[in-house]
Every structure is written in C-alpha cells, then in structure tokens.
Amino acid sequence: MPPLKERFPLPVLRSASPPAWRSLESRRRQEAPGPEEEFPPGASRPPEGLSRRALLELAAFGAAASTAGCFRQPPEKVMPYSRQPPEVTPGVPLHYATGLTLEGHVRGLVVRSHEGRPTKVEGNVAHPESLGAAGLQEQASLVGLYDPHRAKLVRHRGQPSSREALFARLLQLAARKDAGEGLRLLVDPTGSPLWAHTWGRILERFPRAKVVPFCAADTGASLEGARIAYGRPLTTLPRFDTARAVLSLDDDFLSTLPGSLRAAREFSASRALPDMSRLWVVESHLSVTGAFGDHRLRARPTRVPHVARHIGAEVGRRLKRSDLATLADGAMSTTESERRWIAAVAADLVARKDQALVVVGARQPAAVHALAHLLNDALGGHVAKVAPTLTPAPDPGALPALVEELRGGGVDTLLITAWNPVYRAPADVPLALAMGRVEDSVYCTLHEDETSIACTWSVPSTHAYEHWEDGRASDGTATILQPLIAPWLEEVVAPLEVAAAFSGALAETSYQRLRALWREHDGGGGRAWEGWLAEGVIPGTRLPEVAARVDAPAVLAAVRALPPASDSGLEVQFILDARVQDGRFGANPWLQELPDPITKLTWDNAALVSPATAARLGLARGARVRLAARDGAVEAPVLVLPGQADDTVTLPLGYGRASGGPVAEDVGFDANELRFQDAPWVLPGVSLTLLEGHHDFALTQEHWRMEERPLALQTSRETFEAHARTLLEGLQAPREHLYPPVPHPVTPPHRWGMAIDLNRCTGCSACVAACQAENSIPSVGKEQVRKGREMHWLRIDRYFLGDEDDPGVITQPVMCVHCEYAPCEYVCPVAATVHSDEGLNQMVYNRCIGTRYCSNNCPYKVRRFNYLDYTGKNPLARMLRNPDVSVRSRGVMEKCTYCVQRIEAARIRARVELREIRPGDVDTACAQTCPTRAITFGDLDARDSAVARLHGDPRHYALLNHLGTRPRTVHLLRLKNPSEALS
Amino acid sequence: MGLFPPGTDEVLRGGLALLAGVPVLGVVVLMLLARSPLGTATFEPVEQPVQFDHRHHSGDEGIGCRYCHEGAWEGAYAGVPPTSRCMGCHAQVWNESPRLAPVRESYFQDRPIPWNRVHRLPHFVFFNHAIHVHKGVGCVSCHGRVDQMALVEKVAPLTMGWCLECHRDPTPHLRPPERVADMTWRPPVDALETGRRVRQALHVAPRTECNTCHR
C-alpha cells in the first residue's frame, strides 16, 4: 500500500485561483514562515476578575447543585392564562407581519411570537423591499426590544419626573398663542404617512413652527442630483436583474440601507451563466460591493467624481454624443492604468447599451448623481423614477440654520424625535450648546444618551415593536407597522404621542389616528384593514412611475463645476458602519460583536489605511494616530486594510459614544469630531501624527483558520467554461476513508444537505445574525472575542487574493458541514456527538462533559465551546431565547445543527397530517434570511430538490475533500467575469 | 508463629475489597435510587392551590380530556386550561363555593392560578403531545387513570429508558385515534393485533435519534 501522503494528496487547484490570505500579517508570515501561535493569546486563561480558587469553588458548587438536580426535579409552577386569547395555543407560535423603519424606509418583516413574546424576525415575502430576506439590523432588532439598559424614566433636567408631569407641560406648551414662532421639531426624515400627517396638523395649528430634518446618512445629494437632471427631485429605483454591465460609483448598493436586500437579490440573479453580468466599481475604501466586483478602481475620495467625469466623456465619445464627450476638456489628468480602466468600462457600458446601468452612492456630490442620470439616459436603459417619499426632504443646511435660531434665543420649545442629534451633529455645529438656551427641549429616546443630557425633558420611548405606526418602502408601498408586544416598561411614551400633544390629537390613540388616516384608502368600510395587517403591505400604494427628460446642458454644467481633486496630502472619508450604522444600533451587543463583513473587526471601529500608506507613514495594526483638520481632531487606532485607496483614511461613524448605555459606551472613537457641515463625507488636507500606545483590536479574521489550504475558490467565467468538467474533479469525487462505511439505513427518511453558492455570497453577514437569533447564541464581549471564544455557529471567512494593495476578495460562510465520516464523532469519549440516520451530526448537550476533543479534531473549526456561562441570568435575556432550543450551560460544546428544531417541527406537522415533509417545509434560519439566496437547504433525496441539483452542479466542491469526510454541505465555486480589455 | 496472625491476609483483602466496593456500590445505589419512584417523584399526589378533583370532572361528569387540555391535540403542550374555562361552568354552578374562591379571584383579577407541576421534563428534552395523540398513544398510557385520582400524581417515571421502550416497540401501546382520550378503553382481543392495525393506518414510525427529543 502506498504511504498515506500519496493516497491523500493535498488538493490541487492552486493554479485556478491566486493564493488566498486572511490578513496582511498572515500573508507576510506565509512569505517568511516562522513560529506561530495556533490560538490567540490568553485563549486558555480563566476569566479575569475571578481567581483560580474561586473558580474551583464555583465548580464544586456547580457539581453539587447539578447532582442535586439529577436526583429529583425541583418543584415548578404552571401559570396558565386567566383569560386565554382565542388565537393562542401555548407552545404554538404565531406570526405577525410588521416592519422596521431604517433610514426612513420600511422593510417588511414577519415576526414569530410565542404567547405574545416576539422571538424571531424574518423577512416578509410579500414586501417589495424584503422579498423574504432580512438584514443584520432587522435580525438583531429584538435585542433592542428586550434591552435591559433602555431608558426607563421620564426625566426633567436629569431628575426623575413622571408622564403626567410631562404631558401637563406639553399641553401647556401646545396652548401657545405665538402661532408656533418658538416651536421647532427636529426629526429624522421618514416615509411614514402618519408622521407626515401629524406634522402637517402641527404646521396647520402653528403656521410659524418648523419641522427640521436631521440627516446624517442621507445628505440629500441624490435628490439634488435628480433636481439638476430632471428639474425636480426624484427617487430612482434601478433594477439590477436585467442589467448586464453595472458601474457603481462609490455605491455600496449590496449593503447600504435602504433597498440593499432587493438590490442584492436582483443582482445575484444576474450573475448566473451563461449571460453573466459584469460589475465595475470605483471607490476609495473596500466595501461589500467593491469586494464582489469584477473590476475595482481604487481612487482617492476627491478623485472619484473626476473619474466619473472621465467615464462620462469616454462613453460620450463612443456613443458619438459630442456634448458628453466634451467633458474630457479640462478634466483632471489620469494615469495610464486609470485610462485603460476608464476605456474598458466605457466600452463595456456602450456594448451593453440598454442593459448597462450606472449607480451612484449617497456620499457623492449631486453633480455625479446627475451625470449618472444622463449616462443611463444616453445608454438607453430604463431606470424607474418615482416622487420622493421622505418628509421632510433631507436638507443638510437645515440643522445649522436651526442652531442659529436656537442661539438667537427665539426658540422656547424644541421637540426632538430624531435619533441622538447631539452625538451625530457635525463638529462645527454646536447643537448641545445651543440647546442650553431652549426652555423646553423634549427628546424621545430608547436610551439615555448624549442628547438626553443636553435636553430638559428626556422621554423614554417605546420600541418599534411596541407601538402602532406606518411607513413606506422606497417604491412607495405602504405597510402598517403593528406592535408585537405591550410596552414592558411602564413609563415609556410613543414618540407619536408626544407629537400628538402639539397636533391636538391626544384624545385619540395612535391606533385610532392610523385607522382614520387610512380609512379613505380602505374603501370597504374597514374590511381591508385586517388583510393589510395579515399581508404586511397595502395593495395599490406603490407610487406611479414619473416620466422625466434629462436636461443634458444643466448636468454637464454641474459636472464641469465640480471642485478639483486634491492631489496631495491625506484625505479622510467617512462611512456608515455596516453594523451600528450612524450609531443608533450601538447599544446592541449582537451587532457590536458581529464581525464587520470586510475588516472582521468586532466591538470597535478603526482608522482604515492602505498597506502602502501605512508603510510610508510607518503605521502598523493597532498604532494610535491623531488626525486633525481645521479645528477638529480625532484620535484613532489604525487598521491596515488591503484594497483601501492610498493616502486615504476611512473613518466609520457610529462609535466613541460618551453616553447611551454600557454596551455602546467606550467602544471605538467618535469620527463626528472631524466631520464638518460643508464636508459631511470627504475631508481633504488632514494631518496625521503618530501617538504613543497600542490598541488591541478584537479581530476575528485569524480565528478558526483551516491552515491556509485553498478553501474559498473562485475562477474566471472563461476558465470555468473551458474546463467545467475537470476543474474541480479532485474536490468532488469521494475519497477513500480509513473508517468502515457508515451503516446506512435501508430507507433513509431524508438525507439533509446544504449548498452554499459563493457566487451569490456577498458576505453581508445577515445569516450570522439570523443563526444567532434562531439558536439563542449569546454574545461574549470584547475580552472573550480577543481570546477566540466568540460563539457564532456560522462564521464568514473573508480571504484576500493576490496583490496586497489591490486584492481580490472572497467571502465564504462556514458552519458545521455535517460530515458523513465526522472526525468529531470518533474522538468523543462520551458519545455526545453522534450521527443520525438522516445524516445530521447531532450534538447532545446533556451528555457533553467538555473535553473539547471534538473541536480539536474538527478540520473545519466549527465547534464552539462555552468557556463561561454566557447565557446570563437576566430575565430579559430569557425573553429573547427561542423556546425550541436548549439553553447551553458552561462547559458544553455546541455547533450548527442544521436548525434541527425546525426539521423536527416540520416532521411533526407532516406526520400529524399523515403526509411526507414537502420541499419548502423546512428551511434553516441562515438560508431563510439570505438576501441573495446563497444558502440552499433541503432533502438530497427529494424529487425536484434544489439542493440536490446544486450538489450535482459542476461548480460544487467539498471543503477539505482530501480528508474523506464527505461533508453534506458543499460550496459552489465563485465565478468572476473579468473584461478582456483589462486582462 | 509469624509476625501476623493467620487470617491477616483475608482481613486485608476483605478491607481492600470493601474499600473498592463501597464507592462502586454507592454509585450503583445512587443510580438505582434516582430511577426509583423516590427519585422520579412518582406515586406522590401533588397538592394544588385549588382543590380540583379529576375524579369528579373526568369520572363522574364525563368531561373529556380534550375539553380542557385541547393543546395536546395541537402542539407540544397539553396545557392547563385558562381560568375562563373553569368559569364557563362555575359562573353558573357552585358559583358561591368557598373552595372555588381562588378561581374567582384569578378570573376577576386577571391573574393566573399558580398550579403545581406534576409532570416535568428536564429543559433539554422536547416532548410533543400532538404527535403522540395523533399516532394513537392514549392519555392513560403515560398519565394513568387520572379519572380515579383525587390529586393527580405521576404514574410513569418519565425517564429516557422508559420513553425509548415504547419508541422501540410502540405496537402494543397503540389504540385507535378516536379512543385516545378514553380512560377505560381496553383492546378488544389482542392488543398486538389492534396495535398493528393502528400502526399501519397511521404510519406510526417513532424515531430514536437523539435529536428527536434533544435539540
């Protein structure tokens, strides 16, 4: 017999894709191998603050307590309803359609409720902005509902007050006779008809009052761009499924709110062979969309608009549009490689004609938005346009004007329903200071934060799942947002109630106001209402498309008027954090602990710089720097990120909170300190000084690695088409195995399996949050993450490919692959992990004694160990848990179960109805929420099984196939569609 | 005569055997004890906050199990009925009885009656009533003759071994689904033959995989 090494050679395919690496540090180690720690430092140390002795004592107590529990079950009470609602059967969950307003627009959701307790959020299939998917923030929204640190008391000047006192004062203020001269409302723009109606009523009663929009994320550039191009502000609704050449100018359309779920679904559909789309991205930092792109041009933030101008000119030249082509005159100079890139993208767009699409990100100036309208029009593609839905219209100048008014002393009542404006205000807008001059500033908030301190009345607000509201998707489709639970805090007030005190509608509840508002639309005397609630959408509310003609000369004039690019010095660019957004989700521990899709950073933000810039300035990971410009400065730790544009520092917003609860506070730095009202996104001419000290990040990119073998694979479309049959042969054919074949039942009931299509995975991480919610996975905190003890069953590995400065990126979700020959099972001394007849690698928690042998022997590194009791004894944390899943205690191993609780529930349902489980009866939490449907789960033996088809796809491969483990989860090769012009 | 008296060896061996045997025996005794009625708390009537008598309701009045425990047919939990269910009758009959004072109090103050649990499974076990009831397992098979109990008591140990016994060979325990709630039903002639027929008709195929109950 030949030696093992020859019988089980390491997989080939190195040539199919460039070598992958997880971080700069690991890449440099690859080049110069040296001794390397397998685990992060401190992985084996006991928790801090607890001596070894105390730990042993606790362990002994635990042992005594557990044996006591073994002998006799302690007595327990059963609390039935006194009056049971007719629709409730204890133990049988109900589902309600509702939604969550993000950036002013609603995403439709379906929430699972156990006896009136919401436990899981899913997307609503009927809703145009969800299509059945849900993103990170939605999946983690229930943590916010049950947050123990929510604001609980009405406070007046910091002292506890009461609701009665608040409303007495509000009514006093509403009885004013100055026609609203001194009344101002500071609000987040929203599409909600009820809010618009309420504000309308207030302005009717007080004609001189003002409703001021606060906009941190949407600074109104896109509407202004449409105004330049079409003469009036319009919202565009690009369709990605019909586009075959997409140019994104700094638009992270796969992950920014709103609309990303729909865009990701449509775009991933366009990536299928044979007519695969091509994505071109121009951007300054590495975004999810850029990572997914076929061609990516790194450009300094101030250069991006000028690259767009060059592309416009080149497209014009090829289309023989002389007006467009003249844009090249007097444009910024470009390098040779930039010229080639611009020529290639223009050629591709022109070749695809009406199947070409140009999209622009919210950070870009209005002229670039206008140029995109002109280009789309010139190329012949149809981009739907609707009237904008947000009220009041975003206006970056509104806040400084308000602050001027406040300082002038003319305002006596300021009603704030916008989220934390004091924290989010630009550095040169002294909002907190100005608020000191207002006699009554009333702030509705979920947490007592920076603004609560600055205002006179801090009002604890109801959570979105605790009150009635409505809202619109970006295409106008309206949804009634029904509450899922009665407010669990006594003092909380719905923000609409506070506004109602001024609109004079306090006699009615918000439910009655909502019914009254929608009565007109509800022709049948209120009968349609129940249907709207059940469906989660109101039919016939989609906005009609608007026909508009592009005013080309105006657009060209605007583009020519763009300020010149800065060619020297550092530029700072601000981005919204992928997890906490502008900071409003900062108090959410799930989102804090979720690794950023690209940086893999948890519990932090960082100043992102490119490797070349870091080398030039002598920076390394964790170095502390001071960034200063004008009279603002910020101190931040550095993270060197490949793919970043040179001489560009990217600062994610949303961190560095001084107040707002123990989860949000003291995490990261506050980039707003460097943000000015005239430069909300890009700030050139920034000086950088290196400071003393080192910052220790909690980065997960090097945790759970599988020893740098080629795992996440991609190749070009051409290579794949030429060698479809042979390319992955070595990773598909079952290998010999040392162990005897597993006795297979004669008639296996089902053969569960999964397929993960890397060609669809954008790395957005919604699946990670969905898994966490469905399986009651705790978050462990920064200290534990640093030791490699994060508990996420599903991780998304992010690999860089090739060049350090401008790498390719591939993301790969990895959870338990349910090996048919599972290495973990062979080493467990107590048979706590065993195989089921349906191919599930079962984990039996109550048998586990915590040897961790299984985890050591798992080649995929997907098992997670409860080093400490992470579940928490907080009764609110228990509200969040899925009652169909065991609570794991300390010392127990856990891992992905293929959502076995859902399989068993479907089996019971099917068997009670005397039928088989049908396709579609079971879906795992990750597959259900995936915006791009990258994850497919099902029975491999079922007829017309989608997962079986994918298991037979020529693109499929088994992870670490050479080990002979025969995983039930296969991955599908990612295809890139590079342009010939640039090869 | 040697240094030690004869028999020293035996004493020593006996002592060693005892030393080794006592812990083993201790463990065996503990394990047996845990499985005994004392350990599993079987055959111990459980006191309740309301003197509710199944003998009267189920036995004398002939109220079916499903009238109050309808959840057993629909989901995982058989459930304890809401107070409103009690009041359905007791608003009319015995509506002034001092024994029912806690029930009225619960109803009018909208606070649940804190019943004491009789059948309790560990938190890592997921039992589902509906599937058992729909596959012809009678209430009486696990809960005993509740219609003869003044205070309900556990009659089955509810240990994993006991569950598996039936899951491995359910046939003798099956009955026609319309007889599930019947406390007095006996198989006509041959329990096995009846069970076999039920099994075929209802596709009874109990599973013994870990994940069936542990998730």
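**Exercise 1. Strand pairing in chain A**

How many bridges join β16(A) to strand β17 (residues 440-445) of chain A, and do the two run parallel or antiparallel? Then place β8(A) beside them.

*Solution.* A friendly reminder before we start: this is a predicted model.

Step 1. Begin with the pair in the task: β16(A) and β17(A) are joined by 4 bridges, and they run parallel. Within this pairing, A:Leu415 lies opposite A:Val442.

Step 2. Now turn to β8(A), which also runs parallel to β16(A), with 4 bridges between them. Here A:Arg184 is the residue opposite A:Leu414 of β16(A).

Step 3. Look at where the side chains of β16(A) go. In a regular strand, side chains alternate between the two faces of the sheet. In strand β16 (residues 413-416) of chain A, A:Thr413 and A:Leu415 point one way, while A:Leu414 and A:Ile416 point the other way. All of these residues are buried.

**Exercise 2. The two sides of a helix**

Which residues of helix α15 (residues 398-408) of chain A are buried, and why do they count as lying on the same side of α15(A)?

*Solution.*

Step 1. Pick out the buried positions of α15(A): A:Leu399, A:Leu402, A:Val403 and A:Leu406.

Step 2. Check their directions around the axis. They share one side of α15(A) because they cover an arc of only 100°.

Step 3. Go round to the face turned away from that buried side, where you will find the exposed residues A:Ala401, A:Glu404 and A:Gly408.

Step 4. Ask what covers the buried residues: the elements include β8 (183-187), β9 (210-213) and α17 (431-435) of chain A. β8(A) is thus one to revisit from the first exercise, where it was paired with β16(A).

Step 5. Finish just past the helix: A:Gly409 follows α15(A) and has a positive phi, near 85°.

**Exercise 3. Where the chains meet**

How many residues does each chain bring to the contact between chain A and chain B? Describe the chain B side, then find a strand pairing across the chains.

*Solution.*

Step 1. Chain B brings 39 residues and chain A brings 38.

Step 2. On chain B, the elements that each supply at least two residues to this side include α6 (83-90), α7 (101-109) and β1 (115-116).

Step 3. Sort the chain B side by residue class: 17 nonpolar, 15 polar and 7 charged.

Step 4. For the pairing, take strand β2 (residues 77-78) of chain A, which runs antiparallel to β1(B) and is joined to it by 2 bridges. A:Lys77 sits opposite B:Asn116 in β1(B).

Key. Residues are numbered from 1 along each chain as its sequence is written. Chains are lettered from A and ligands numbered from 1 in the order in which they are written. This is a predicted model: local features need pLDDT of at least 70, side-chain atom pairs count only at pLDDT 80 or more; totals for chains, interfaces and linings use all residues. Two residues are in contact if their C-beta atoms, placed from the backbone, lie within 7 Å. Ala, Val, Leu, Ile, Met, Phe, Trp, Tyr, Cys and Pro count as nonpolar, Asp, Glu, Lys and Arg as charged, and the others, Gly among them, as polar. Two strands pair if DSSP finds at least two bridges between them. A residue is buried if 20 or more other C-beta atoms lie within 10 Å of its own, exposed if 12 or fewer, and partly exposed in between; C-beta atoms are placed from the backbone. The arc is that of the directions from the helix axis to the C-beta atoms.
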